[in-house]
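I opened this notebook to keep track of what I looked up, in the order in which I looked it up. The sequence and the structure come first, and my entries follow.

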Amino acid sequence: MVQRLLEPGEIESLDHTSIPRLLLPEARSLFTGRATRLRQLADNQIKGIPVGDTMKGYLLMMAALVDAQAAVIRVLPAETFALPDAAGIELAIDHHMPPLPVSGQRPATWRRVFDAILDQLDPLTASQPQLAAVLTELRALDSAQLEGCADAVLAELTEGVHPLHAPFVAAALQVMWTMRASQLDAKRVQPLVTNTLCPVCGAHPVASVIRIGGQSQGYRYLQCSCCASEWHMVRVKCTTCESTAGVAYQSIEPEGGMPAVDPNEPVNKANDPSRVARAEICDSCHTYRKIFNQEHDYNVEPLADDLASLALDVLVGEAGYSRSSGNPLLWFNAE
């Protein structure tokens with residue numbers, strides 16, 4: 001039997017019940033899995049994502065921060081992550097707006113999450129003087145400074161935000177939004193006018209991922225940088241301008257080059273290190289966003305893998321493409 005390949009427009013017109021449009025986060029396992037992946041990346045255990053010595057220490061520090069995120073979920077009471085009133089959520093859904101928008105007023109309890117994360121990290125300060133200094137600075141921030149940093153983080157503004165403070169503030173906001181997103185009904189949340197923003201909170205995606213298993217087999221999802229929700233977008237389509245023209249892929253060739261292929265052996269399309277992490281570049285808007293493939297590494301974790309694959313950012317940046325959006329655990333000065 002010959003199967004006909006569907007064009008992007010045809011895929012979008014399919015019955016959405018056959019393709020899970022939205023995958024809400026499993027909040028209580030998300031952060032533990034992410035911390036494990038960060039440590040594997042730091043130890044250079046992941047083929048296709050080479051990590052240099054200069055990045056290893058940072059990945060391990062971020063793994064500790066993600067451990068703290070997982071811990072506060074276990075220790076803080078459920079009411080910390082209470083959803084907005086049902087009427088407000090329904091109104092947003094009816095108008096195709098994010099039910100948990102990152103813009104506007106934040107739940108005051110995010111400050112409780114922030115303080116709890118710092119408390120979880122305190123035992124590490126004896127062996128990590130740099131971490132101790134950062135925690136001291138974070139605790140010294142007054143209310144206006146802390147809220148201003150949160151505003152900048154959610155708006156992805158680099159001006160006026162300390163690059164060492166931002167990941168810790170972002171971590172607290174991630175926990176807040178991820179826990180609340182996990183309580184929604186995925187079937188009720190409606191897509192936004194633009195498919196390039198998270199339908200749950202309106203934040204930018206950190207990366208995209210090709211999933212395997214069940215109804216999601218072979219489909220590409222964008223993962224939200226804030227609430228970790230994933231929403232479907234057809235492959236070979238720019239995740240910034242939604243163009244289908246001029247989209248191409250760039251990857252890092254493994255050290256020593258690609259392995260020789262034995263012509264007598266069948267081709268194995270899985271477990272190809274060069275296809276675990278790639279940059280999807282667009283010649284229409286000259287931007288890129290990374291795409292990770294679970295078909296070639298079952299344990300891909302979009303945010304962790306994006307953080308570790310800075311070598312790919314450098315490669316694509318040198319080719320003249322700009323990154324579409326940042327990683328909440330890595331910030332640079334505006335200049």
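The entries below go from the whole chain to single residues.

**Overall make-up.** I began by noting that I am working with a predicted model. I counted 10 helices and 8 strands in the protein, and I found that 48% of its 335 residues count as buried. I then looked at how far apart in sequence the contacting residues are: of the contacts with a separation of 6 or more, 71% are between residues 24 or more positions apart.

**The largest core.** Which residues touch the most other members of the largest nonpolar core? I found that they are Ile117, Trp177 and Val200, in a core of 90 residues. Helix α3, which covers residues 53-75, gives the most to this core, with 13 residues. I also checked the domains, and the core draws at least three residues from each of domain 1 (23-182) and domain 2 (205-253 + 272-323). Apart from this core I noted another one, of 7 residues, with Tyr288, Leu312, Val316 and Tyr321 among them. As background I wrote down that nonpolar side chains tend to be buried together in soluble globular proteins.

**Ile117 and its surroundings.** I next listed what Ile117 touches, leaving out residues up to four places away in sequence, and the list holds Leu65, Ala68, Gln69 and Val72 together with Ala171, Ala172 and Val175.

**Two helices in contact.** I looked up how helix α5 (residues 110-121) packs against helix α7 (residues 143-155), and the angle is about 95°, with the axes 12 Å apart. The two helices are therefore roughly perpendicular to each other. On the α5 side the contact is made by Trp110, Arg111 and Phe114, and on the α7 side by Ser143, Leu146, Glu147 and Ala150.

**Gln174.** Is Gln174 buried or exposed? I located Gln174 in helix α8, residues 166-181, and I entered this residue as buried because its relative accessible area is 3%, where the cut-off is under 20%. Not counting residues up to four places away in sequence, Gln174 touches Phe31, Arg34, Gln69, Ser225, Cys226, Leu303, Pro328 and Leu329.

**Asp305.** I treated Asp305 in the same manner, and its place is in helix α9, residues 302-308. Asp305 is buried, with a relative accessible area of 0%. With its neighbours within four places in sequence left aside, Asp305 is in contact with Arg37, Leu41, Ile49, Phe292 and Val300.

**The annotated stretch.** I consulted the UniProt record, where an unreviewed entry places the feature "domain: FdhE central" at residues 197-235. Over these residues I read 0% helix and 36% strand, and the end C-alpha atoms are 16 Å apart.

**The loop between β4 and β5.** Where does Val236 lie? I found Val236 in the loop between β4 (230-232) and β5 (247-251), and its phi is near 55°, which is a positive value in a residue other than glycine. Val236 counts as partly exposed, with a relative accessibility of 41%. Glu242 is found in the loop between β4 and β5 as well, and the phi of Glu242, near 65°, is also positive in a residue other than glycine. I closed with the accessibility of Glu242, which is 27%, so Glu242 counts as partly exposed.

Technical notes
Residues are numbered from 1 along each chain as its sequence is written. This is a predicted model: local features need pLDDT of at least 70, side-chain atom pairs count only at pLDDT 80 or more; totals for chains, interfaces and linings use all residues. Side-chain values use heavy atoms; hydrogens and water are left out. A nonpolar core is a set of buried Ala, Val, Leu, Ile, Met, Phe, Trp, Tyr and Cys residues joined through side-chain atoms within 4.5 Å. Buried means under 20% relative accessible area, exposed over 50%, partly exposed in between (1.4 Å probe, protein chains only). Helices (H or I, at least four residues) and strands (E, at least two) are DSSP runs, numbered from the N terminus. Domain bounds come from an automatic or database domain assignment. Contact means heavy atoms within 4.5 Å. UniProt positions are given in the numbering used here, feature names are shortened, and annotations may be inferred rather than shown by experiment. Axes are lines fitted to C-alpha atoms, for helices over the stretch in contact, and angles run from 0 to 180 degrees between N-to-C directions. Angles under 35 degrees count as roughly parallel, over 145 as roughly antiparallel, 65 to 115 as roughly perpendicular and the rest as oblique.
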